[in-house]
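Here is my note on the predicted model you sent. It takes two helix pairs and a pocket in turn.

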Amino acid sequence: MAHSITGIDIHPAAEIGEYFDKPVRLYSSGMQVRVAFAVATAYRPDILIIDEALSVGDSAFQRKCFAKMEEIRAKGATILFVSHSEGSIVSLCNRAIWISNGNQIIDGTPKLVTGLYMKHINENKIDKNKIKNEHEALA
C-alpha cells in the first residue's frame with residue numbers, strides 16, 4: 001500500500017510499525033499524533049500549527065518533532081506552537097504570547113513571558129495590568 005504524500009513516505013516518519021495499515025480507531029492517542037505530525041510535516045508548510053498534542057509522545061519522538069520543527073523554521077516557515085511547557089517554548093520560539101480566557105496578557109520574549117506566566121499562573125484572577133507593568137519593567 002502507498003504511504004506517501006508528495007512523494008515523501010510518511011510510514012517510516014510516523015514510527016508506528018505494522019499498525020500503520022490498521023484502522024485508525026485502533027490507534028492510541030500517541031499513535032494518532034505520530035501519524036498526524038508525519039502528515040503535517042511531509043512537505044514544507046508555510047505555517048505549521050502545533051498544540052499540546054506532542055506531550056503524548058515519548059521523549060525520543062518529542063526530540064524528533066522538535067528537530068523537524070527547527071528544520072521547517074530554518075527554511076522560513078512560521079510555527080504557531082501552543083504549549084504550557086516553559087522549556088519547550090523557550091527552546092523553540094523566538095516570540096511568546098500569553099493568552100488567558102481568549103485575552104492576550106503579554107507578548108514578548110519567550111523567557112520573560114514564560115517566567116511571568118509561571119509566577120502568576122496560580123493566582124485566582126489574572127491581573128493583566130499588573131503583569132503588563134511587570135513585563136515593561138523587566139523588558
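1. Contact of H2 with H3. From helix H2, the residues Val33, Arg34 and Phe37 make the contact, and on the side of H3 they meet Phe61, Cys65, Lys68 and Met69. Sorted by class, this contact holds five nonpolar residues and two charged ones, with no polar residue.

2. Geometry of H2 and H3. H2 covers residues 29-40 and H3 covers residues 59-74; the two pack at an angle of about 20°, and their axes are 12 Å apart. Angles under 35 degrees count as roughly parallel, and H2 and H3 are therefore described as roughly parallel to each other. The crossing of H2 past H3 is left-handed.

3. Contact of H5 with H6. Which residues of H5 meet H6? They are Leu112, Leu116, Lys119 and His120, and their partners in H6 are Lys130, Ile131, Glu134, His135 and Leu138. This contact divides into four nonpolar, two polar and three charged residues.

4. Geometry of H5 and H6. The angle between H5 and helix H6 (residues 128-138) is about 140°, with the axes 11 Å apart. H5 is therefore oblique to H6. The cut-off matters here, as only angles over 145 degrees count as roughly antiparallel. H5 and H6 cross in a right-handed sense.

5. Size and centre of the largest pocket. The volume of the largest pocket is about 750 Å³. Its lining is made up of 26 residues, and those nearest the centre are Phe81, Val82, Arg95, Ala96 and Ile97.

6. Elements around the largest pocket. Four elements each give two or more residues to the lining: strand E4 (78-81), helix H4 (86-92), strand E5 (96-100) and helix H5 (110-120). Which element gives the largest share of the lining? That is E5, with five residues. H5 thus appears twice in this note, in the lining of the largest pocket and in the contact with H6.

7. Character of the lining. By class, the residues lining the largest pocket are 16 nonpolar, seven polar and three charged.

Conventions: Residues numbered from 1 in each chain as written. Predicted model: local features only at pLDDT ≥ 70, side-chain atom pairs only at ≥ 80, totals over all residues. Heavy atoms only, no water. Axes fitted to C-alpha atoms, helices over the stretch in contact; angles between N-to-C directions. Parallel < 35°, antiparallel > 145°, perpendicular 65-115°, else oblique. Left-handed = near helix turned anticlockwise from the far one by under 90°. Contact = heavy atoms within 4.5 Å. Nonpolar A, V, L, I, M, F, W, Y, C, P; charged D, E, K, R; others polar. 1 Å grid on protein atoms, 1.4 Å probe; cavity = no way out; pocket = protein on both sides within 12 Å on 5 of 7 lines; lining within 4 Å. Points joined across faces, edges and corners; volume = space filled by probe spheres on them.
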